[in-house]
Amino acid sequence: MSHKDLDAKYGENLFLASSDDAEPTPAADAVDFWKNEQQHYEYGTGDPAPGTENFTQMVWKATTSVGVTRACVLAPDSDDPG
């Protein structure tokens with residue numbers, strides 16, 4: 001999984017999680033993951049510090065709308081001969 005061209009018109013936040021059960025990872029886990037980047041953000045600099053791009057995307061002043069999608073892939077159990 002990788003980000004699109006950084007010079008693109010729109011930003012994007014990506015999050016990947018896996019689980020041993022059929023329950024999808026809550027979307028709140030992704031938001032918390034991105035929010036935790038705040039601890040590395042240097043306020044007042046005007047530029048996002050490396051590793052804070054997802055956080056700044058969430059709190060960007062000019063943001064007026066967001067799009068969200070989720071994909072769940074259920075893989076068969078690797079121990080299942082069937």
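**Exercise 1. Place Tyr41 in the model and find what it touches.**

Step 1. Tyr41 sits in the loop between helix H1 (27–35) and H2; helices are DSSP runs of H or I with at least four residues, strands are runs of E with at least two, and numbering starts at the N terminus. A word on the ground rules: this is a predicted model, where local features need pLDDT of at least 70, side-chain atom pairs count only at pLDDT 80 or more, and totals for chains, interfaces and linings use all residues. Residues are numbered from 1 along each chain as its sequence is written, and side-chain values use heavy atoms, with hydrogens and water left out.

Step 2. Take contact as heavy atoms within 4.5 Å. Setting aside neighbours within four places in sequence, Tyr41 is in contact with Pro48, Thr52, Phe55 and Thr56.

Step 3. Pick Thr56 and check the backbone: its C-alpha atom is separated by 8.4 Å from that of Tyr41, with the two residues 15 apart along the chain.

**Exercise 2. Describe the aromatic group that includes Tyr41.**

Step 1. Rings of Phe, Tyr and Trp (its six-membered ring) pair if their centres lie within 6.5 Å; planes under 30 degrees apart count as stacked, over 60 as edge-to-face and the rest as tilted. By this rule the count is three aromatic pairs.

Step 2. One of them joins Tyr41 and Tyr43, an edge-to-face pair with 4.8 Å centre to centre and 80° between the planes.

Step 3. Now widen the view: Tyr41, Tyr43 and Phe55 form one aromatic cluster.

Step 4. Is Tyr43 buried or exposed? Buried means under 20% relative accessible area, exposed over 50%, and partly exposed in between (1.4 Å probe, protein chains only). Tyr43 has a relative accessible area of 55%, so Tyr43 is exposed.

**Exercise 3. Work out the surroundings of Thr52 and Asn54.**

Step 1. Thr52 lies in the loop between H1 and H2, while Asn54 belongs to helix H2.

Step 2. Thr52 counts as buried because its relative accessible area is 0%. Asn54 is buried too, at 10% relative accessibility.

Step 3. For polar atoms, start with Thr52: a polar atom of its side chain lies 2.6 Å from the backbone oxygen of Ala49. Beyond neighbours within four places in sequence, Thr52 is in contact with Glu37, His40 and Tyr41.

Step 4. The side chain of Asn54 makes a polar contact with the side chain of Glu37 at 2.9 Å. Here a polar contact is a pair of N or O atoms within 3.5 Å; within protein, one must be able to donate a hydrogen and the other to accept it, and residues adjacent in sequence count only if both atoms are side-chain atoms.

**Exercise 4. Characterise Gln57 and Met58.**

Step 1. Gln57 is found in helix H2, and Met58 has its place in helix H2 (residues 53–59).

Step 2. Gln57 has a relative accessible area of 31%, so Gln57 is partly exposed. Met58, at 33% relative accessibility, also counts as partly exposed.

Step 3. Not counting residues up to four places away in sequence, Gln57 touches Gly11, Glu12, Asn13 and Thr63. The C-alpha atoms of Gln57 and Trp34 are separated by 9.1 Å, with their positions 23 residues apart along the chain.

**Exercise 5. Put the chain in overview.**

Step 1. The chain has two helices and zero strands.

Step 2. Buried residues make up 11% of the 82 residues in the chain.
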